[in-house]
Amino acid sequence: ATHCSSCHGEDGASTMPGTPDFSRRERLFKPDMALLVSIRDGISVMPAYKGLLTDQEILDIVAYLRSMR
């Protein structure tokens with residue numbers, strides 16, 4: 001909620017054009033490690049979270065995203 005919901009929405013439905021919509025789940029077809037790298041290093045307009053979140057915290061976020069319905 002702190003870092004992601006302003007662009008990805010509270011329920012994973014993107015609120016910003018061009019932002020992955022996790023409620024549709026297509027982006028989640030990527031392997032966990034690919035998603036970890038995207039979040040850790042940043043991608044496109046998304047900032048890098050390296051230094052703000054540990055790799056384990058990022059993997060926890062990926063697991064949470066996969067659990068959303």
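**Exercise 1. Decide whether S44 is buried or exposed, and describe its backbone.**

Solution. Begin with the cut-offs: a residue is buried under 20% relative accessible area, exposed over 50%, and partly exposed in between, with a 1.4 Å probe and protein chains only. S44 has 75% relative accessibility and therefore counts as exposed. Next, locate S44, which is found in the loop between α2 and α3, where helices (H or I, at least four residues) and strands (E, at least two) are DSSP runs numbered from the N terminus. Finally, look at the backbone: phi of S44 is near 55°, a positive value in a residue other than glycine. As background, most residues other than glycine have a negative phi. A positive phi, of about 85°, is also taken by G42, just after α2.

This is a predicted model, in which local features need pLDDT of at least 70, side-chain atom pairs count only at pLDDT 80 or more, and totals for chains, interfaces and linings use all residues. Residues are numbered from 1 along each chain as its sequence is written, and side-chain values use heavy atoms, with hydrogens and water left out.

**Exercise 2. Describe the overall build of the chain, from its elements to its dimensions.**

Solution. First count the elements: the chain has three helices and zero strands, and from the N terminus on they run α-α-α. The radius of gyration, taken over C-alpha atoms, is 11 Å, close to the 11 Å that the globule rule gives for 69 residues, so the chain is as compact as a globular protein of that length; the rule itself is 2.2 Å times the number of residues to the power 0.38. The C-alpha atoms fill a box of roughly 25 × 20 × 20 Å along the principal axes. Turning to burial, buried residues make up 28% of the 69 residues.

**Exercise 3. Find which residues of helix α2 are buried, and what they pack against.**

Solution. Helix α2 covers residues 32–41, and its buried residues are L35, L36, S38 and I39. They cover an arc of only 165° around the axis, which puts them on the same side of α2; the arc is that of the directions from the helix axis to the C-beta atoms. The partner of these buried residues is α3 (55–67), against which they pack.

**Exercise 4. Place L59 in the structure and list its contacts beyond four places in sequence.**

Solution. L59 is found in helix α3, and with a relative accessible area of 26% it is partly exposed. Leaving aside neighbours within four places in sequence, L59 is in contact (heavy atoms within 4.5 Å) with D32, M33 and L36. For a distance along the chain, take R25: its C-alpha atom and that of L59 are separated by 16 Å, the two residues being 34 residues apart along the chain.

**Exercise 5. Set T19 beside T2: which of them is buried, and which is exposed?**

Solution. T19 has its place in the loop between α1 (5–8) and α2, and at 13% relative accessibility T19 counts as buried. Not counting residues up to four places away in sequence, T19 touches C7, H8 and S14. T2, by contrast, is found in the segment before α1 and counts as exposed at 72% relative accessibility. T2 and K30 are 28 residues apart in sequence and 23 Å apart in space, C-alpha to C-alpha.
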